[in-house]
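Me: I am new to this structure and would love a close look at one part of it. Could you take me through the surroundings of the first ligand, and then show me what else is worth a stop along the way?

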Amino acid sequence: MKALGKAKRGPGLQIIEADVPKPGPGQVLIKVKYASICGSDLHIYKWDEFAQSEITELPRIIGHESAGEVIEVGEGVESVKKGDYVGVETHIACGKCYQCRIGKKHVCRNLKILGFHMDGAFAEYMVVPEENAWKVPDEIPKDWVPLMEPMGNAVDTVLAGDITGADVLVVGTGPIGAMAVAVAKAYGASKIIATDINDFRLKIAKQMGADYTINPEIEVVKSAVMDITNGKGVDVILEMSGNPYALNSSLEVITNGGWVGLLGIYGKNTIDVPMNNIIMKNITLYGITGRRMFSTWVKTTSLLATKRVNLSPIITHRSSLDEYEQAFSTLMQGAAMKVIFEIG
Ligand code: NAD
Ligand code: ZN
């Protein structure tokens with residue numbers, strides 16, 4: 001089968017000719033229909049420190065945001081069957097550690113990630129544990145399904161605290177920030193303000209339901225947000241940029257007693273934040289990682305099946321696996337939101 005991945009150390013990717021994998025006990029074989037490119041795939045493409053530390057075995061088929069049809073099930077598989085159309089939870093939890101046993105699989109201590117620690121989704125076929133195949137109803141358009149994985153990050157960030165009636169600032173409207181705008185709206189947020197330094201992406205955030213958009217390179221975020229909220233500031237910040245400067249400037253406009261959902265990953269582990277302001281203003285910070293398995297998938301499925309969230313504006317580009325160079329370069333230039341590989 002044809003696949004895309006890393007055959008040699010160094011920047012770039014290669015088309016790999018691999019054997020069709022066999023599902024072992026408790027596993028399912030999926031014929032991949034659609035797979036989308038995640039920001040972490042860009043790290044693998046660039047072969048930065050993060051990618052080098054996570055991908056130790058080569059060749060490795062990469063990619064994880066995916067959807068397709070179950071075509072074979074291994075011994076003992078009961079919850080999905082041949083013919084089911086499924087989305088894929090990327091995080092493979094051990095099921096045995098303390099966190100897994102108390103219902104927190106999303107923070108499993110022995111987590112394995114598809115497309116990093118085992119072969120992934122940029123391929124004609126992939127094998128995943130039965131538990132990771134999430135059956136989706138026909139009401140959800142087939143090409144939205146790979147986006148359910150990053151949308152789950154948005155859902156968990158939006159629902160980290162009380163969002164109902166809250167004025168919300170979404171910082172960074174990449175795919176996840178843009179989806180968070182729609183999710184916050186669906187869950188009853190009041191004014192939704194979105195910031196990004198990329199006007200193409202801000203325009204999509206508006207289509208996703210942002211009431212106001214601000215480009216911090218053109219407008220001063222603090223005065224714009226204070227005007228919009230009549231001097232109160234926002235109740236909630238959803239930090240989805242991974243830019244420490246963006247986090248700090250948004251903390252200037254959070255109202256006393258507000259909360260911050262932190263999803264964005266920073267380039268370095270330690271960043272400066274005004275800690276005394278956070279304490280004195282009684283701000284709650286929530287670190288968000290992954291998706292809750294599998295209550296988040298229930299929420300994501302419901303939002304999409306009822307069309308309370310429409311993902312069409314997010315899918316800006318489509319590609320074949322062969323045209324991966326063009327797909328990755330469009331994304332790296334910030335000229336795309338989500339690029340989907342049409343595989344099956
Ligand atoms: P992305 O990189 O596509 O989006 C980030 C956006 O932030 C971009 O559109 C960028 O233009 C914008 N940005 C940069 N500087 C800014 C500034 N000063 N002000 C406002 N916006 C600014 O990423 P994504 O795929 O949408 O993911 C969002 C973030 O979440 C990333 O940092 C990613 O690494 C992280 N992430 C975390 C988890 C987790 O489990 N915690 C999972 C997935 C992604
Ligand atoms: Zn575990």
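Reply: Happy to! A residue is near a molecule if one of its heavy atoms lies within 4 Å of it. Please keep in mind that this is a predicted model.

With that in hand, let us start at ligand 1. There are 21 residues around ligand 1, and I176, D196, R201, I288 and G290 come nearest. By character, the residues of this shell divide into 9 nonpolar, 10 polar and 2 charged.

Three of the nearest residues deserve a look at the level of atoms. R201 uses its side chain: one of its polar atoms there lies 2.9 Å from an oxygen atom of ligand 1. I288 takes part through its backbone, where an N or O atom lies 2.9 Å from a nitrogen atom of ligand 1. At G290 a polar backbone atom is 3.0 Å from an oxygen atom of ligand 1. As for cover, ligand 1 taken alone exposes 850 Å², and the protein buries 78% of that.

Now for the other ligand, the zinc ion (ligand 2). Its protein donors are the SG atoms of C94, C97, C100 and C108, which lie 2.3 to 2.4 Å from the zinc ion. Along the sequence, these donor residues follow the spacing C-x2-C-x2-C-x7-C. The angles among the 4 donor atoms run from 105 to 118°, and the site is tetrahedral; the label applies because four donors count as tetrahedral if all angles lie between 85 and 135 degrees.

How covered are these cysteines: buried or exposed? C100 has 8% relative accessibility, so it counts as buried. C94, at 28% relative accessibility, counts as partly exposed.

Two more residues round off the tour. N132 sits in the loop between β9 (125-129) and β10. With a relative accessible area of 1%, N132 is buried. A polar atom of the N132 side chain lies 2.8 Å from the backbone oxygen of E89.

On the other side of β10 (133-135), the loop that leads to α4 (148-158) holds E139. E139 has 48% relative accessibility, so it counts as partly exposed; the exposed class begins over 50%. E139 also shows how the fold brings distant parts of the sequence together: its C-alpha atom and that of T301 are separated by 9.6 Å, although the two residues are 162 apart along the chain.

How values were computed. Residues are numbered from 1 along each chain as its sequence is written. Chains are lettered from A and ligands numbered from 1 in the order in which they are written. This is a predicted model: local features need pLDDT of at least 70, side-chain atom pairs count only at pLDDT 80 or more; totals for chains, interfaces and linings use all residues. Side-chain values use heavy atoms; hydrogens and water are left out. A polar contact is a pair of N or O atoms within 3.5 Å; within protein, one must be able to donate a hydrogen and the other to accept it, and residues adjacent in sequence count only if both atoms are side-chain atoms. Accessible areas come from the Shrake-Rupley method with a 1.4 Å probe; for residues, only the protein chains shown count as cover. Ala, Val, Leu, Ile, Met, Phe, Trp, Tyr, Cys and Pro count as nonpolar, Asp, Glu, Lys and Arg as charged, and the others, Gly among them, as polar. Donors are N, O and S atoms within 2.8 Å of the metal (3.2 Å for Na, K and Ca); water is not among the atoms, so sites may look incomplete. Four donors count as tetrahedral if all angles lie between 85 and 135 degrees; four count as square planar and six as octahedral if opposite donors are over 155 degrees apart and all others between 65 and 115; anything else is irregular. Buried means under 20% relative accessible area, exposed over 50%, partly exposed in between (1.4 Å probe, protein chains only). Helices (H or I, at least four residues) and strands (E, at least two) are DSSP runs, numbered from the N terminus.
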